[in-house]
Amino acid sequence: MKLDGRRESTNVDDRRGRSTGKMAGGLGLGGIVIVGLLTLLFGGNPGDVLEMAGQMGGIGMEGSYTPTAEEEELAKFSKQILAGTEDVWTKIFRQYGRTYEPPHLVLYNGTVQTGSGMASAEMGPFYNSADQCVYIDLSFFTSMKEQIGADGDFAYAYVIAHEVGHHVQYLLGTLQQAHQQMSRVSERESNQISVRLELQADFYAGVWAYNDNQMFGSLEAGDIDEGMAVASKIGDDYLQKKAYGRTVPDSFNHGTSAQRSRWLKKGLATGDINQGDTFSPAYTSL
């Protein structure tokens with residue numbers, strides 16, 4: 001991606017080096033594929049896990065912390081991508097007579113206090129509607145590369161843009177309506193609603209990339225391929241096979257690799273928020 005000269009968002013709360021302590025029951029780095037990628041990657045509903053994490057508690061502590069040069073570059077990159085989402089979604093919302101209120105990006109390492117309780121880096125990046133913040137431990141990008149072979153600047157941008165997509169859903173009321181429905185139906189039906197949310201957030205990530213490129217000429221050769229490669233490796237079917245050697249379709253809550261790739265591609269191709277209705281079609285046609 002071409003980001004030279006692009007502004008950095010100021011809606012960032014950098015809490016790196018302000019660890020709240022190590023929570024009991026953490027799964028460790030090896031658990032990121034199962035918990036972070038399979039359950040919560042790219043904006044799964046963190047409510048239940050955060051509630052559990054909050055019960056674990058943490059010890060407030062200030063430790064000496066010096067970020068690496070690579071991490072500082074990732075922090076700058078994340079701020080620039082967030083700024084791009086602000087510019088794009090502000091423009092889109094204005095076209096419909098609405099005001100876009102951007103989320104805050106919280107950078108942390110280890111553990112962090114959220115509006116819903118304690119959270120751990122093992123959970124992966126997530127959006128929390130309780131405080132309208134996107135949370136990312138930047139080491140997650142390294143884990144993406146090492147554990148599922150997903151790498152590249154657009155791949156990382158996709159992570160952030162997807163989480164911001166959930167914020168867009170929150171502002172439009174989609175997220176709240178979906179969660180209300182999920183609380184009234186069976187686990188299988190709830191998972192299907194979750195899939196619809198996730199696919200729409202993938203679509204919104206594509207909408208952002210399309211419009212960001214129109215506004216700033218940000219996409220380079222290979223960027224779209226990076227996005228498609230990531231989408232193909234974060235489907236529930238791919239991750240379940242990787243973790244367990246088999247799939248359990250009724251437990252899917254983010255969508256298959258084919259579905260995620262299809263909706264990201266649709267957003268990239270159209271750039272039109274009106275094309276992203278993942279709730280009306282029959283579930284089998286998503």
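Select Arg16 and Asp14 first: their side chains are joined by a polar contact of 2.7 Å. The coordinates belong to a predicted model. Keep Arg16 selected and add Glu71, whose side chain makes a polar contact of 3.1 Å with the side chain of Arg16. Arg16 itself is found in the loop between β1 (12-14) and α1 (32-40).

Is Arg16 buried or exposed? With a relative accessible area of 12%, Arg16 counts as buried, because the term applies under 20%. To display its surroundings, show the residues that Arg16 touches, leaving aside those up to four places away in sequence. They are Tyr65, Pro67, Glu71, Glu72, Ala75, Leu107, Tyr108, Asn109 and Leu138. Glu71 thus appears both in this list and as a polar partner of the Arg16 side chain.

Next, select residues 111-114 and 117-120, which are strands β3 and β4. The two strands pair in the antiparallel sense, over four bridges. Together β3 and β4 form a hairpin, with two residues between them. Two facing positions can be picked out here: Val112 stands opposite Ala119 in β4, and Thr114 stands opposite Gly117 in β4.

Remain at Thr114, which is found in strand β3. Which atom of Gly117 does the Thr114 side chain reach? The side chain of Thr114 reaches the backbone oxygen of Gly117, at 2.7 Å. Add Asn128 to the selection: a polar contact of 3.2 Å joins its side chain to that of Thr114. Thr114 has a relative accessible area of 7%, so it too is classed as buried.

Now move to helix α8, residues 223-233, and highlight Asp223, Gly227, Val230 and Ala231, which are buried. Turn the view until it runs down the axis of α8. Why do these buried residues line one face of the helix? They do so because, seen along that axis, they fall within an arc of 100 degrees.

Finally, bring in the elements against which this face is placed. The buried residues of α8 pack against α4 (139-148), α5 (153-172) and α10 (257-270). With these three helices shown beside α8, colour Asp223, Gly227, Val230 and Ala231 separately to follow the buried positions of α8 into their packing with α4, α5 and α10.

Note on methods. Residues are numbered from 1 along each chain as its sequence is written. This is a predicted model: local features need pLDDT of at least 70, side-chain atom pairs count only at pLDDT 80 or more; totals for chains, interfaces and linings use all residues. Side-chain values use heavy atoms; hydrogens and water are left out. Buried means under 20% relative accessible area, exposed over 50%, partly exposed in between (1.4 Å probe, protein chains only). A polar contact is a pair of N or O atoms within 3.5 Å; within protein, one must be able to donate a hydrogen and the other to accept it, and residues adjacent in sequence count only if both atoms are side-chain atoms. Contact means heavy atoms within 4.5 Å. The arc is that of the directions from the helix axis to the C-beta atoms. Two strands pair if DSSP finds at least two bridges between them.
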